[in-house]
Amino acid sequence: MDNEVQAHDPNASPSSRAPMPDDKPDDAGRDQASPARGQQATVIVRGEAVRDRDPNAKSKEPQATDRGKSSGKQISEAMIKKQDRLPALEDDAEVGIRKEQVVTRDGKADLAFTGTLLASAAPHCAPKGSWYEYRVYETTGGKHVFSKICRSVYVEQPDTHEAEIFDPAPASMPSQLLRSARELTHSKPLTWTDSAAHFFGYDPLAKALYRKLSGDFEEHVS
């Protein structure tokens, strides 16, 4: 009969069996084999081989505690926090507020007074782990106090503190010496801005501090 269905002979060899419509070669559709689990895939991008990042790999971002490993020095987490918020300082909100102040000095008595923090300055970053902080205060008695602090993130390098007082009617030896030298070479009397420039100098941080103050720190040329 024309519609006779041929029975499949189970003993027929694979080569003699006619291929069925659904039969496909094992490698069909697998031009780019999927990588085995745990292996990285390689993708060709513009002729360059680029390895896919393993999604199971953990990110290895440097931690704050790793910053001192290369130098073998122990770091202070508290100082790392101070460094990370530069140029902001912890007393920025106190600028212009009259209060009881204490300015630390190394090797001398600390300075305690009632007065106002006029301005402060710090660098925008400290890539080597140390930086300076400059501050200028005015006391209720009309004196000025200059403070210079050197900070470090390393425990082996403690902070250093310098401070000086400018008194319009000088009682301190540094002010007397500065006034005497000024009077010998200039007719203009010594001012607190002169004393500040002598104490801080004219490095970029000092100039940033002067721009925040109302004093005249430029040298005028006619």
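**Aromatic pairs and nonpolar cores**

F199 and F200 are both buried, that is, under 20% relative accessible area with a 1.4 Å probe and protein chains only. The model is predicted, with local features needing pLDDT of at least 70 and side-chain atom pairs counting only at pLDDT 80 or more, while totals for chains, interfaces and linings use all residues. Numbering runs from 1 along each chain as its sequence is written, and side-chain values use heavy atoms, leaving out hydrogens and water.

Nine aromatic pairs turn up in the structure (Phe, Tyr or six-membered Trp rings with centres within 6.5 Å; edge-to-face means planes over 60 degrees apart). One of them, F113 with Y137, is edge-to-face, at 5.6 Å centre to centre and 80 degrees between the planes. F113 sits in strand 4 (residues 111–121) and Y137 in strand 5 (residues 130–139), so this pair ties together parts 24 residues apart in sequence; strands here are DSSP runs of E, at least two residues, and helices runs of H or I, at least four, numbered from the N terminus. Both F113 and Y137 are buried. F199 and F200 also pair edge-to-face, at 4.8 Å and 85 degrees, and ring pairs link these two with Y132, Y134 and F146 into a cluster.

As for the nonpolar cores (buried Ala, Val, Leu, Ile, Met, Phe, Trp, Tyr and Cys joined through side-chain atoms within 4.5 Å), the largest has 18 residues, with F146, W192 and F200 among those with the most contacts inside it. Strand 4, strand 5, helix 3 (192–200) and helix 4 (204–212) each supply at least two of its residues, and helix 3 gives the largest share, five.

How values were computed. Phe/Tyr/Trp six-rings, centres within 6.5 Å; stacked < 30°, edge-to-face > 60°. Buried < 20%, exposed > 50% of the residue type's maximum accessible area, 1.4 Å probe, protein only.
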